[in-house]
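The following exercises concern one protein chain and its bound ligands. Each task is followed by a solution in steps.

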Amino acid sequence: MTDKLVALVPAAGIGKRMGAGKPKQYLQLTDNAILGETLARLLAMEVISEVVVALAEDDPYFAELPQAQHPRLRTVIGGEERADSVLACLNAVNPDIAPWVLVHDAARPLITEADVNQLVAKAKAGQGAILALPVVDTVKWSADGHSIEETVPRQHLWRALTPQCFPTALLRQALGEALSEGASITDEASAVERLGLAVTLVKGRSDNLKITEPADLPLARWLLSQQE
Ligand SMILES: Nc1ccn([C@@H]2O[C@H](COP(=O)(O)OP(=O)(O)OP(=O)(O)O)[C@@H](O)[C@H]2O)c(=O)n1
Ligand SMILES: C[C@](O)(CO)[C@H](O)COP(=O)(O)O
């Protein structure tokens, strides 16, 4: 029997940078909200057996999504930061039944099955992997956000995307330790890196956008129309 791969979706953020009247994951993308589109894609993937979604405690919107009652979907209450929400999802997964998890932002609805399959294969060949993209722009360092201190060589720089795929028990240990030590953790790999383990970079697609600011929403709709 193939091991179960569970997708964990942190969706408990408030979308401050989007500045909409509701958390950005509930903004309309197509005929579905951003989170609904992300969940529909993950649930349709062969490799994913179950999806665990972290929601804000008083979330009034989730129940309205077409995927809300899906039999292979469970919800948990998220936390203060993204990493707390991911840990809440992890605590709902039995590592003996699902030895590997895939963490994916609710705000990245353009994820493709081909990218997920490539990521999972590379992750399982080692200790975990993430989708990422090499930095293509010239990079500047500024202390005050106004003037440039220096130009940073970009040769070794990558932008981390999601999904990120790790052994369930390892990721729970890594995130638990990092959070209890007060580390700032903005993705799963950074928690695993702290343990001195090698995480594999898998080149992803540039349209795997994290919808963050208002201009990202029409861009995501257009990218979606190009994928279909
Ligand atoms: N306490 C939090 C914070 C974020 N997230 C989720 O983590 C993902 C990536 O975070 P981001 O895109 O930064 O979303 P927000 O935190 O909502 O945005 P902002 O930083 O602008 O408030 C999102 O799917 C978001 O819902 C979460 O589950 N729990
Ligand atoms: C995990 C992530 O999507 C990788 O790019 C990102 O770090 C999460 O975004 P946040 O703004 O730091 O929550």
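**Exercise 1.** Which residue in β2 is the bridge partner of P10?

Solution. The model is a predicted one. In β2, P10 has A54 as its bridge partner. The two strands concerned, β1 and β2, run parallel and are joined by six bridges. On to the next neighbour: β2, residues 50-55, also runs parallel to β3, with five bridges between them. Here L55 is paired with I77 of β3.

**Exercise 2.** State the order of the strands in the open sheet, and identify its edge strands.

Solution. The sheet is open and holds seven strands, in the order β3-β2-β1-β4-β8-β5-β9, with mixed pairing. Its edge strands are β3 (73-77) and β9 (200-203), each of which pairs on one side only. On average, neighbouring strands of this sheet are turned by 30° against each other, direction ignored. Two helices that pack on the sheet are then to be placed. Helix α1, residues 34-43, touches β1 (5-11), β2 and β3, and its direction makes about 175° with that of β1. Helix α3, residues 113-124, touches β1, β4 (100-103), β5 (129-134), β8 (158-167) and β9; its direction makes about 65° with that of β8.

**Exercise 3.** Determine which residues of β2 lie on each side of the strand, and whether they are buried or exposed.

Solution. In general, side chains in a regular strand alternate between the two faces of the sheet. In β2, one side carries E50, V52 and A54, and the other carries V51, V53 and L55. The residues on both sides are all buried, so that both faces of β2 are covered. The count for the strand is accordingly six buried residues of six.

**Exercise 4.** Explain why L39 is classed as buried, and list its contacts.

Solution. L39 is found in helix α1. There are 28 other C-beta atoms within 10 Å of L39, and the class of buried requires 20 or more, so L39 is buried. Leaving aside residues up to four places away in sequence, L39 touches V9, V51, Q67 and L73. One of these contacts, L73, is 34 residues from L39 in sequence, while their C-alpha atoms are 8.9 Å apart in space.

**Exercise 5.** Describe the residues around ligand 1 and those around ligand 2.

Solution. Around ligand 1 there are 21 residues, of which P10, G13, K16, R17 and S85 come nearest. The elements giving two or more residues to this shell are β1 and α2 (82-90). By character, the shell around ligand 1 divides into seven nonpolar, seven polar and seven charged residues. Ligand 2 is surrounded by R82, D105, A160, L161, T162, T186, D187 and K210. The most is given to the shell around ligand 2 by β8, with three residues. The shell around ligand 2 holds two nonpolar, two polar and four charged residues.

**Exercise 6.** What radius of gyration would a compact globule of 228 residues have, and what does the chain have?

Solution. For 228 residues, a compact globule would have a radius of gyration near 17 Å; the chain has 17 Å, and therefore agrees. The C-alpha trace spans about 55 × 40 × 35 Å along its principal axes. Of the 228 residues, 38% are buried. Among contacts with a separation of 6 or more, 69% are between residues 24 or more positions apart. The secondary structure of the chain comprises six helices and nine strands.

Conventions. Residues are numbered from 1 along each chain as its sequence is written. Chains are lettered from A and ligands numbered from 1 in the order in which they are written. This is a predicted model: local features need pLDDT of at least 70, side-chain atom pairs count only at pLDDT 80 or more; totals for chains, interfaces and linings use all residues. Two strands pair if DSSP finds at least two bridges between them. Helices (H or I, at least four residues) and strands (E, at least two) are DSSP runs, numbered from the N terminus. Axes are lines fitted to C-alpha atoms, for helices over the stretch in contact, and angles run from 0 to 180 degrees between N-to-C directions. Two residues are in contact if their C-beta atoms, placed from the backbone, lie within 7 Å. A residue is near a molecule or strand if its C-beta atom, placed from the backbone, lies within 6 Å of it. Ala, Val, Leu, Ile, Met, Phe, Trp, Tyr, Cys and Pro count as nonpolar, Asp, Glu, Lys and Arg as charged, and the others, Gly among them, as polar. The radius of gyration is taken over C-alpha atoms; the globule rule is 2.2 Å times the number of residues to the power 0.38. A residue is buried if 20 or more other C-beta atoms lie within 10 Å of its own, exposed if 12 or fewer, and partly exposed in between; C-beta atoms are placed from the backbone.
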